[in-house]
Amino acid sequence: MRILSAEYSALIFYLGSTWSVSAARTNLFFVAVSAAGVALALISNASHFSRQFQIFALAVLLLVLVSGVFAMTRMLHAHAQTVLHIQSLNRIRHFFTELDPGTKPYFTLPIHDDEAGVVGSTRSQPSLWAMTYLPAASMATLAALVNTFLAGAIAGTAYLSLGGSASMALVCAGGTFVIASIVVWGWVFLQLRRIRQRLVVRFPQDH
């Protein structure tokens, strides 16, 4: 009992640390996005949207996109750690109810380590989309959304810098946005699916 209580406290600490680091990394990414937007707005007014500005904007957007991809990857890794910690916490609570079954009605959080137990505090039914309600996965999907817009902006800016028209640059940006959405969101949900498949369930709902 004392050993598992100490383990429970340690898991709570690590879970909070994981969420805090995830939030900090997400905030850092969005600070970079905001700073890039302000810088591009100021420089565009001074340069009157010249070709030199377009090349500069392309470099800045590429840098922000790379940062966004790394942030998204880190968030998904943090989500995998979050799932592991929540599973372990649920197992310990399950042990407590085995010691004293009479305490079971007093537990608010889940006592099973299956997928429904992992997302039990956010969604009652397990699904791939329900996983995105956990903090780290939610931040990863938000970063993915921004990355798709960045990809479209990069494509449109690159087309303009090559001498294309504004209308065709808009079409190019829209097409790239659609393609990037398919690729980025497909990759994110593939990673979430892999995390679901790696779940090791020892105490399911019918246990």
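**Notes on an all-helix predicted model**

The protein exposes about 11500 Å², and carbon and sulfur atoms supply 68% of that area (Shrake-Rupley method, 1.4 Å probe; for residues, only the protein chains shown count as cover). A word on conventions: this is a predicted model, where local features need pLDDT of at least 70 and side-chain atom pairs count only at pLDDT 80 or more, while totals for chains, interfaces and linings use all residues. Residues are numbered from 1 along each chain as its sequence is written, and side-chain values use heavy atoms, with hydrogens and water left out.

1. **Fold.** The protein has 5 helices and 0 strands, so from the N terminus the elements read α-α-α-α-α (DSSP runs numbered from the N terminus: helices are H or I of at least four residues, strands are E of at least two). Helix 1 covers residues 2–47, helix 2 covers 51–99 and helix 3 covers 115–118. Helix 4 takes in residues 135–161, and helix 5 takes in 166–197.

2. **Overall dimensions.** The C-alpha trace spans about 75 × 25 × 20 Å along its principal axes. The radius of gyration is 22 Å, where a compact globule of 207 residues would have one near 17 Å (taken over C-alpha atoms; the globule rule is 2.2 Å times the number of residues to the power 0.38).

3. **Burial and contacts overall.** Buried residues make up 39% of the 207 (buried is under 20% relative accessible area, exposed is over 50%, partly exposed is in between, with a 1.4 Å probe and protein chains only). Of the contacts between residues at least 6 apart in sequence, 72% join residues at least 24 apart (a contact means heavy atoms within 4.5 Å).

4. **Charges.** I see 13 positive and 7 negative side chains, with the centres of the two sets 16 Å apart. For this count, Lys and Arg are positive, Asp and Glu are negative, and His and the chain ends are not counted; each charge is placed at NZ of Lys, CZ of Arg, CG of Asp or CD of Glu.

5. **Salt bridges: how many?** A search of the whole structure turns up 2 salt bridges (a side-chain nitrogen of Lys or Arg within 4 Å of a carboxyl oxygen of Asp or Glu). As background, side chains of opposite charge can pair when their charged atoms come close.

6. **Arg91 with Asp113.** Here the closest N and O atoms are 2.7 Å apart. Arg91 sits in helix 2 and Asp113 in the loop between helix 2 and helix 3, so the pair ties together parts that are 22 residues apart in sequence. Both partners are worth a look for burial: Arg91 counts as buried because its relative accessibility is 16%, and Asp113 counts as buried at 0%.

7. **Arg196 with Glu115.** These side chains meet in a salt bridge at 2.6 Å, N to O. The pair links distant parts of the chain, with Arg196 in helix 5 and Glu115 in helix 3, 81 residues apart. Glu115 is buried at 14% relative accessibility, whereas Arg196 is partly exposed at 26%.

8. **What does Val200 touch?** Val200 is in the segment after helix 5. Leaving aside neighbours within four places in sequence, Val200 is in contact with Gln87, Arg91 and Asp113. Two of those names, Arg91 and Asp113, are the salt-bridge partners from point 6. Val200 counts as partly exposed because its relative accessibility is 46%. From Val200 to Glu115 the C-alpha separation is 9.6 Å, although the two are 85 residues apart in sequence.

9. **Thr26 and Met139.** Thr26 belongs to helix 1 and is buried, with a relative accessible area of 8%. Outside its neighbours within four places in sequence, Thr26 contacts Met75 and Met139. Met139, in helix 4, is buried too, at 19%. With the same neighbours left aside, Met139 is in contact with Trp19, Ser22, Ala23, Thr26 and Met75. Met139 and Val183 are 44 residues apart in sequence, and their C-alpha atoms are 18 Å apart.

10. **Along helix 2.** Ala71 is in helix 2 and counts as buried at 12% relative accessibility. The C-alpha atoms of Ala71 and Asn90 are separated by 28 Å, with their positions 19 residues apart along the chain.
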